[in-house]
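Work through the exercises below with the sequence and the model open beside you, and try each task before you read its solution.

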Amino acid sequence: MNELRQWLGGLSARERNLVYLAAVLLAAAIVYFAMVLPVTSAAAKRAARVEQKTADLAWMRQVAPQVMAATAAGGGAAASDESLVVLVDRTGRQAGLGSAIRDQSPSGEHGLRLRLEAASFDVLITWLVVLQQQYGVSVDAATIDAGTAPGLVNASLTLVHGTAAGP
């Protein structure tokens with residue numbers, strides 16, 4: 001510390017003022033980059049996430065009448081002689097979720113546990129609606145987590161065929 005004082009003492013008044021000004025500017029930059037920038041960045045990310053969720057909600061509200069019309073026109077769930085495993089696999093692939101389906105295992109007499117990774121949220125929800133309305137397959141339990149990219153999710157689902165008797 002003494003060496004710094006000696007060094008500053010050896011400078012002219014103008015040079016000393018420039019060193020003090022540089023120190024103040026450096027301190028301000030450190031405060032900005034260490035405190036202000038992370039807070040504003042986090043706020044911007046949250047705002048973007050809210051905007052995305054709002055857009056998703058608007059899309060769901062937009063397609064709801066189409067889904068309701070399709071339900072009314074279809075007259076409810078279609079009969080299917082396929083097993084739940086085959087039905088889920090076939091319709092999942094048709095919906096574009098074939099590469100996301102990672103694991104299927106039976107859950108009781110009429111149920112199926114299913115795990116999906118990096119599945120499009122929009123496609124997943126639309127597929128679940130189709131399963132319920134056209135085939136009488138409902139979601140008994142679901143855990144859906146954000147995936148590695150926007151719009152992608154990881155999901156663990158338990159699906160139950162409509163003919164299953166409740167516990």
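**Exercise 1.** Find the salt bridge that joins Glu-117 to Arg-102, and work out which strands its two partners lie in.

*Solution.* Begin with the distance: Glu-117 forms a salt bridge with Arg-102, and their closest N and O atoms are 3.4 Å apart, where a salt bridge is a side-chain nitrogen of Lys or Arg within 4 Å of a carboxyl oxygen of Asp or Glu. Next, place the partners: Glu-117 belongs to strand S2 and Arg-102 to strand S1, so the pair ties together parts that are 15 residues apart in sequence (strands are DSSP runs of E with at least two residues, helices are runs of H or I with at least four, and both are numbered from the N terminus). Finally, look at accessibility: Glu-117 is partly exposed at 31% relative accessible area, and Arg-102 is partly exposed at 44%, given that buried means under 20%, exposed over 50%, and partly exposed in between (1.4 Å probe, protein chains only).

The model is predicted, so local features need pLDDT of at least 70 and side-chain atom pairs count only at pLDDT 80 or more, while totals for chains, interfaces and linings use all residues. Residues are numbered from 1 along each chain as its sequence is written, and side-chain values use heavy atoms, with hydrogens and water left out.

**Exercise 2.** Determine which residues are joined with Glu-117 into one network.

*Solution.* The side chain of Glu-117 also meets that of Arg-115 in a salt bridge, at 2.0 Å from N to O, and Arg-115 is partly exposed, with 32% relative accessibility. Salt bridges with shared partners therefore join Arg-102, Arg-115 and Glu-117 into one network.

**Exercise 3.** Describe how strands S1 and S2 are arranged.

*Solution.* Strand S1 covers residues 101–107 and strand S2 residues 111–120, and the two pair in the antiparallel sense over six bridges, where pairing requires that DSSP finds at least two bridges between the strands. Within this pairing, Asp-103 stands opposite Arg-115 in S2. The two strands form a hairpin with three residues between them, and Gly-108 in the turn has a positive phi of about 75°.

**Exercise 4.** Explain how Arg-93 and Asp-89 are placed in helix H3.

*Solution.* These residues form a salt bridge, with the closest N and O atoms 3.3 Å apart. Because Arg-93 and Asp-89 are four residues apart in helix H3 (residues 84–95), about one helical turn separates them. Arg-93 is exposed at 52% relative accessible area, whereas Asp-89 is partly exposed at 26%.
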